[in-house]
Amino acid sequence: MIIFGTRGVKTTKAKGQFNCPQCETNRDYRHRKVTQFFTLYFIPLIPLGNKGEYVECGHCKGTFILRVINNQPSGDKQAFMAMYEKAIRHVMVKIMLADGIIDEKEKVAVLQIINKFGHNDMTAAELDVYIKEVEKDNSDISTYLKHVGPSLNEHGKEVLIKCALAVAFSDGHFDDSEKEMILNMSKIMEMSSAHYKGILSEFIENMN
Ligand SMILES: [Zn+2]
């Protein structure tokens, strides 16, 4: 008699430190993945697919959705803020460059946004230098945004989308390239498409 079946096999994809929601302090975690296997005589032979991923606290053994990894250990808050500033600068300049034309009004809007959220005031001359840097490298809009976007709360995500729309609209028209880039932003930040569409239509309504 041949005994076959299926079984979930757990593997560790990553380890690190997070702020455990249950322990309410910094703990080690394991990012676990469960893969369903076809088994023969109880030996997992053929992977059948991903059954899910979760985060496990090394201390209380509580399991959580992946999002909790973004609960930064408190010491990392500064690093997070630095990355957030980088992301804003980078994304806004990317959107300004999206339609291939650098408009003066766009520049003013970008500078205002960068200085509103940043700790160091940027001058117009510094912005020009930075724009040249971004033009030269082939970095993608997700470069910095992917590190901070998904961990922002809904309001934080909304703020970034609205800033991006303000830059895109500042030259008086909303190009397809800009539209596509901002939609892409919402995806990188893991926003629901309903939420994104809501912000967009509200923004356009206020413009008219
Ligand atoms: Zn815990």
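Here is a short tour of this structure, to follow in your viewer. Keep in mind that you are looking at a predicted model.

**Stop 1: the two domains.** Start by colouring residues 4-71 and 75-207 separately. The first range is domain 1 and the second is domain 2. How many ångströms separate the centres of the two domains? Taken over C-alpha atoms, the answer is 34 Å.

**Stop 2: the sheet.** Now show the strands. You should find an open sheet built from four of them, running in the order β1-β2-β3-β4 with antiparallel pairing. Which strands sit at the edges? Select 4-20 for β1 and 63-64 for β4: each of these pairs on one side only.

**Stop 3: inside the sheet.** Next, pick residues 25-40, which are β2, and residues 43-57, which are β3. These two strands pair in the antiparallel sense, with 12 bridges between them. Zoom in on Lys33 and you'll see Glu53 of β3 standing opposite.

**Stop 4: a pair of helices.** Jump along the chain to α5 (residues 154-169) and α6 (residues 176-188). Their axes come within 10 Å and cross at roughly 170 degrees. Angles over 145 degrees count as roughly antiparallel, so α5 is roughly antiparallel to α6.

**Stop 5: where the helices touch.** Show side chains for Leu160, Ile161, Ala164, Leu165 and Ala168 on α5, then add Glu178, Ile182, Met185 and Ser186 on α6. Those residues make the contact. What classes of residue are these? Seven are nonpolar, one is polar and one is charged. Try colouring by residue class to spot them.

Technical notes. Residues numbered from 1 in each chain as written. Predicted model: local features only at pLDDT ≥ 70, side-chain atom pairs only at ≥ 80, totals over all residues. Axes fitted to C-alpha atoms, helices over the stretch in contact; angles between N-to-C directions. Helix = DSSP H or I, 4+ residues; strand = E, 2+ residues; numbered from the N terminus. Parallel < 35°, antiparallel > 145°, perpendicular 65-115°, else oblique. Contact = placed C-beta atoms within 7 Å. Nonpolar A, V, L, I, M, F, W, Y, C, P; charged D, E, K, R; others polar. Domains from an automatic or database assignment. Pairing = 2+ DSSP bridges.
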